[in-house]
Structure formats: C-alpha cells, structure tokens
Amino acid sequence: STGRSITYRFKSDGEGNASGIGTFVVVLKKSGFGAVAAYEMNGSTVARVDGNYTGADEVDISEPIDVDWIEYVRKFTAGVPSTVILPFTLPEGTEINADFYQLTEVVPDGRKWKATMTYIGEGELPKANTPYAIIPEDDYLYIDLSDVATLQTKNIDTVKVSDGDWLFVGTYSYKTWAAGDGELGLAYAFAATDNEGGAKKGKFGKIAAGASANPLRAYLRKKDASVQLPPQQNSPAAPGTYYSVSFVPESAIEVEFVKASVDGSGEG
C-alpha cells in the first residue's frame, strides 16, 4: 500500500490454472462521504455504499462523480420490506434486484392508521435522494448498471403525503433521537423485524428517546403536531376528540404495499 493506492498480486497455488488476473491496483478516488466511498480499480471507478455505516460523517457529495460500478453493502432479507435512500442517479436500463415503493398516503382507518406504499412501476428506476421502501429479491442489493451512474446528493428530497401532513424522510448520516428532540412524538420508524416491546414487523412504530437510525434509511414523520386532520367518513369517533389538533397515532401504523396489476388496478 502506498499513499491512496493498494496493489493486489495473485499467483497460482500449483493446483489450478495459472492464467487470469496477476495484479490489479485499487486507488481511492474520493473520501469523506461517510457511508459512501469512490475508488478506481484497474481503470474503472467504483462506488462502495456501506449500509452498515455508523460513523458521524454525513453523505455529502456536492460535486458529481461518475462511476462505472456500484457495490451496495448491506444485509437484507429476501421478500421482507425495508427502507432506503440512494445517493446516485441511475442510467436508463439499469437493473436492480428489488421492487421500490413510494409512500403515497397516511390515513386513519377506523381507530387504526394505515400508510400506503405504491410500486413505482415496472421498468421505472428509483430517483436519487428520494426515500423509498424496497422489497428485495435476495439478501443483498445488486445494481447492474447499463452505463455510467452519477453520485451526488445536493439536497435531500422528501415525499409529502396526505396534503402535507406527513413526510417520508431520508437519512444521510447516523441519526439519534435524544431526549428533547423536536421529532419525538411525531416520528415513526419502519420495522423490518419484530421488536420486543415495539412495532411488529412490517409496521411503522413510534420512535422513542434514545432510538437511532443508520444512514441511507428512511422514516415517517408528521409534519406538525398542530395540523388539524379531517374527520373520516363513517368514523365512530367525534371530530375534535379523535381528530384533535394535537393528535398523532400512539400505536403502530400498519403498512400496505400496493403493486399495480396488468389491468392497472391496485393489488396488495
């Protein structure tokens, strides 16, 4: 290893074919992006996205960086929903082994609450800096680029839901909700697994003081506790009590994933 580069050399063990890669060099291209690093390897630029990063540095990429490959390091469970925000723009034709869903509404459903996540569409690619829920096909995220992708965060986009009452927010740095945080009581984290004493798998549970989130995740938050929610038709509860100006769900928010069928109708 010398400076910002490291050289790997390989040799045959005498048992197999001695042809193939003999030497390759990896050069760090850009650092200081927290969970994201870019490096050069034998003439190609690679972005390594660390979904397990717990450091203090934020993913802040103000100038665009073109990359030939994306390595996304994070453990998923096949078929189990999770949340993600991607710090790169993907070229048309890129293939990803996951379905992406965007939050479209959060509404009271009787005495419960329900968030609806809607599939972005067959052949559609997720946008940069936009929070999504994903359902991976495997226990890892594989991104097969059709061309050069561009790393750049600039501003984080948030998806406004239910006439601006709710936000789906992406995280680009390790976040902790300490006591006194203004989001406590308004923020909800998605549970990819059952949590003892907390939200069950597949629901949004209210975030408590001391909770934390890794970078490149997303969480749900009511925009403002003073928002007056409209009464639901046929609700057994009276407006002004169930739908008071300070009302937010105390229990978990159920999540419905809707994927459009061939005829255009919705199906869970």
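The protein chain contains zero helices and 23 strands. The model is predicted. Of its 268 residues, 41% count as buried. The accessible surface of the chain comes to about 14,300 Å². Carbon and sulfur atoms account for 47% of that area. Among contacts with a separation of 6 or more, 66% link residues 24 or more positions apart.

Strand pairing is considered next. Strand 3, residues 36-41, pairs with strand 4, residues 44-50, in the antiparallel sense. Six bridges hold this pairing. Within it, Ala 38 has Ala 47 of strand 4 as its bridge partner. The two strands form a hairpin with two residues between them. In this hairpin, Asn 42 adopts a positive phi near 50°. Strand 4 also pairs with strand 6, residues 69-73. That pairing is parallel and has five bridges. Here Asp 50 is matched with Val 73 of strand 6. Strand 4 thus takes part in an antiparallel pairing with strand 3 and in a parallel pairing with strand 6.

Strands 5, 14 and 8 build an open sheet of three strands. Their order is 5-14-8, and the pairing is antiparallel. Strand 5 (65-67) and strand 8 (88-89) are the edge strands, each pairing on one side only. Strand 14, residues 149-151, is joined to strand 8 by two bridges. One bridge partner pair across these strands is Phe 88 and Leu 151.

Phe 88 and Leu 151 also appear in the largest nonpolar core, which has 31 residues. Together with Ile 70, Tyr 72, Leu 90, Phe 100 and Ile 143, they touch the most other members. At least two residues of this core come from each of strand 3, strand 4, strand 5, strand 6, strand 7 (82-85), strand 10, strand 12 (131-136) and strand 14. Another core, of 21 residues, lies apart from it. Its members include Tyr 101, Ala 115, Trp 166 and Phe 168. In soluble globular proteins, nonpolar side chains tend to be buried together.

The surroundings of Leu 90 illustrate the packing in the largest core. Beyond residues up to four places away in sequence, Leu 90 touches Ile 70, Ile 96, Leu 125, Pro 126, Ile 143, Leu 145 and Ala 149. Of these neighbours, Ile 70 and Ile 143 are named with Leu 90 among the core residues that touch the most other members.

Polar side chains in two loops were examined next. Thr 94 sits in the loop between strand 8 and strand 9 (95-96). Its relative accessible area is 8%, under the 20% cut-off, so Thr 94 counts as buried. A polar atom of the Thr 94 side chain lies 2.8 Å from the backbone oxygen of Pro 91. The same side chain reaches the backbone nitrogen of Ser 146 at 3.5 Å. Leaving aside neighbours within four places in sequence, Thr 94 is in contact with Leu 125, Ile 143, Asp 144, Leu 145 and Ser 146. Leu 125, Ile 143 and Leu 145 are listed for Thr 94, and these residues are also touched by Leu 90.

Asn 97 occupies the loop between strand 9 and strand 10 (98-109). With a relative accessibility of 7%, Asn 97 is buried too. The Asn 97 side chain reaches the backbone nitrogen of Tyr 142 at 2.7 Å. Apart from residues up to four places away in sequence, Asn 97 touches Pro 136, Glu 137, Asp 138, Tyr 140, Leu 141 and Tyr 142.

Positive phi values also occur in two further loops. Asn 129 is not a glycine, yet its phi is positive at about 60°. Asn 129 is placed in the loop between strand 11 (112-119) and strand 12. Its relative accessibility is 7%, and Asn 129 counts as buried. Leu 216 likewise has a positive phi, near 70°, in a residue other than glycine. Leu 216 lies in the loop between strand 20 (212-213) and strand 21 (218-222). Leu 216 is buried, with a relative accessible area of 0%.

Conventions. Residues numbered from 1 in each chain as written. Predicted model: local features only at pLDDT ≥ 70, side-chain atom pairs only at ≥ 80, totals over all residues. Heavy atoms only, no water. Pairing = 2+ DSSP bridges. Helix = DSSP H or I, 4+ residues; strand = E, 2+ residues; numbered from the N terminus. Buried < 20%, exposed > 50% of the residue type's maximum accessible area, 1.4 Å probe, protein only. Contact = heavy atoms within 4.5 Å. Areas by Shrake-Rupley, 256 points an atom, 1.4 Å probe, with all protein chains shown as cover. Polar contact = N/O pair within 3.5 Å; in protein donor to acceptor, adjacent residues only side chain to side chain. Core = buried A, V, L, I, M, F, W, Y, C linked by side-chain atoms within 4.5 Å.
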